[in-house]
Each structure stands twice: as C-alpha cells, then as structure tokens.
Amino acid sequence: MLNIGDLLAFQVFVRLCAGRVRQLLNLSSLALDCGITHNTARAWLSFLDASFLSFRLPPYRANVSKRLVKTPKLYFYDTGLVCALLGVQHPEQIREHPLRGALFGNWVVSQIVTERVHRGQPGSIVFYRERNGLEVDLVVEAESRLLAVECKSGQTVSADAFSRLDAMGRRLKASTGTPSLVPHVVYGGDEERSRSGGHVLPWHGIADHAWW
C-alpha cells in the first residue's frame, strides 16, 4: 500500500517503534536510528496508524499552564505483536524483561482504548505529563468526570501507588476547576479493592470496568 522501497529498513523501523511503546514519540530519533529521513519516518508511522497496528496517545491539554508537554506517546494495539517484534517468545521472558513495565502499560492502555471504541466512544483519551516529571499514564474524559489510570506491572500495590494521581487531582482542581477526578491503579495482581474516591483493579478486571 505504501510502496516501500527498502523492506529491510521498514522492518527495522517497526521493531524500533515496538521498543519505544509508552514513550514520548520522537520521529527524529526514530529516523536517525533507522537511517531514513524524518519525512519517511513520519509516512511509515502514519501507515502503521492507518493499518490499526499503532496509535498515538495525545497529551492532556487543559489550560493548566505551559508546563504540560505537547508530544504524543506511541502505542500498539496488539501487545503480542510488540512482544514478537522484541523477540519475546515465552511468557517467562517478560518477568525479567527491561520493558516489562512498558509492555504492561501498552496492554492496559490498548485494552481501555479498544473497549471504548467497541462502545462507540473512541475519543477523549489522553495522558497527563508535566515538564517537571509529574505523569499519569491515562486520562479518560467521561461525561462530568475524569478517569485517571496508573499502570503497575507488579503483583502488589505499594502505599504510594496513588501519589501521582492525587497530585494531578490537586493540580487540576486548583488550576482549572476540572470535573471530579476518579483515580484508578491497574496492576498485575488479582485482588480488586476500593479506597476513598479511587479503585485498585487487577489486570483481568479491565473488561468488566466502566470506562465511560
């Protein structure tokens, strides 16, 4: 469809994209590492997006201040494909893989995005990141509230798991009068529980949760 002349370079490009899931998109770096031009990298990534292989998650852009980043993040719809491109052949490899957190985050975000698309609600899904480092993996704008999600690949949830979510909530409340924030932590364990104004969800509970 794209009439790619250098198939080998394209294959390298796709693998490099897989290695950058959940990261801020840097087309110049991708092009440099692949040995192609910036315009070619942009065209190839647009092709992956149009083929429903990858997607770009936009940043939250409420009028908080100029401290919010403006660059999207790169995700794949199929985390199994990402694993294959990274050479992961067995589930046991993921436990010690340096990209374990990124793979888990890619899976969580892609599942929530897909769930909303299937219900006819594809839009209003972003991430939150400030230049000073405060970051929340996913923010879903649902009617009069915001569903904020942090992804934790571990099988336990630490006491400070909600710290970034709480900081984001305080920031938005003080700056913009944003609707109420409902914090969520999705983790690699099996127990579901609630806390004051928030939820801890196991990885297998995503499909049964209301993300709208």
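**A first look at the chain and its helix H2**

Of the 212 residues in this chain, 45% count as buried, and I should say at the outset that what we are looking at is a predicted model.

Let me begin with the overall build, which consists of seven helices and eight strands. The radius of gyration of the chain is 18 Å, close to the 17 Å that the globule rule gives for 212 residues, so the chain is as compact as a globular protein of that length. If you follow the C-alpha trace along its principal axes, it spans about 55 × 40 × 35 Å. Among the contacts with a separation of 6 or more, 59% are between residues that stand 24 or more positions apart in the chain.

Turning to the outside, the accessible surface of the chain comes to about 11100 Å², and carbon and sulfur atoms hold 50% of that surface. As for charge, there are 24 positive and 19 negative side chains, and the centres of these two sets lie 9 Å apart.

I would now like to take one helix as an example, namely H2, which covers residues 27-34. Which residues of H2 are buried? They are Leu27, Leu30, Ala31 and Cys34, and, seen down the axis of H2, they fall within an arc of 95 degrees, so they line one face of the helix. As a general point, an α-helix has 3.6 residues a turn, so residues three or four places apart point the same way. Finally, what covers the buried residues of H2 includes helix H1, residues 7-18, and helix H3, residues 38-50.

Technical notes: Residues are numbered from 1 along each chain as its sequence is written. This is a predicted model: local features need pLDDT of at least 70, side-chain atom pairs count only at pLDDT 80 or more; totals for chains, interfaces and linings use all residues. Side-chain values use heavy atoms; hydrogens and water are left out. Helices (H or I, at least four residues) and strands (E, at least two) are DSSP runs, numbered from the N terminus. The radius of gyration is taken over C-alpha atoms; the globule rule is 2.2 Å times the number of residues to the power 0.38. Buried means under 20% relative accessible area, exposed over 50%, partly exposed in between (1.4 Å probe, protein chains only). Contact means heavy atoms within 4.5 Å. Accessible areas come from the Shrake-Rupley method with a 1.4 Å probe; for residues, only the protein chains shown count as cover. Lys and Arg count as positive and Asp and Glu as negative; His and the chain ends are not counted. The place of a charge is taken as NZ of Lys, CZ of Arg, CG of Asp or CD of Glu. The arc is that of the directions from the helix axis to the C-beta atoms.
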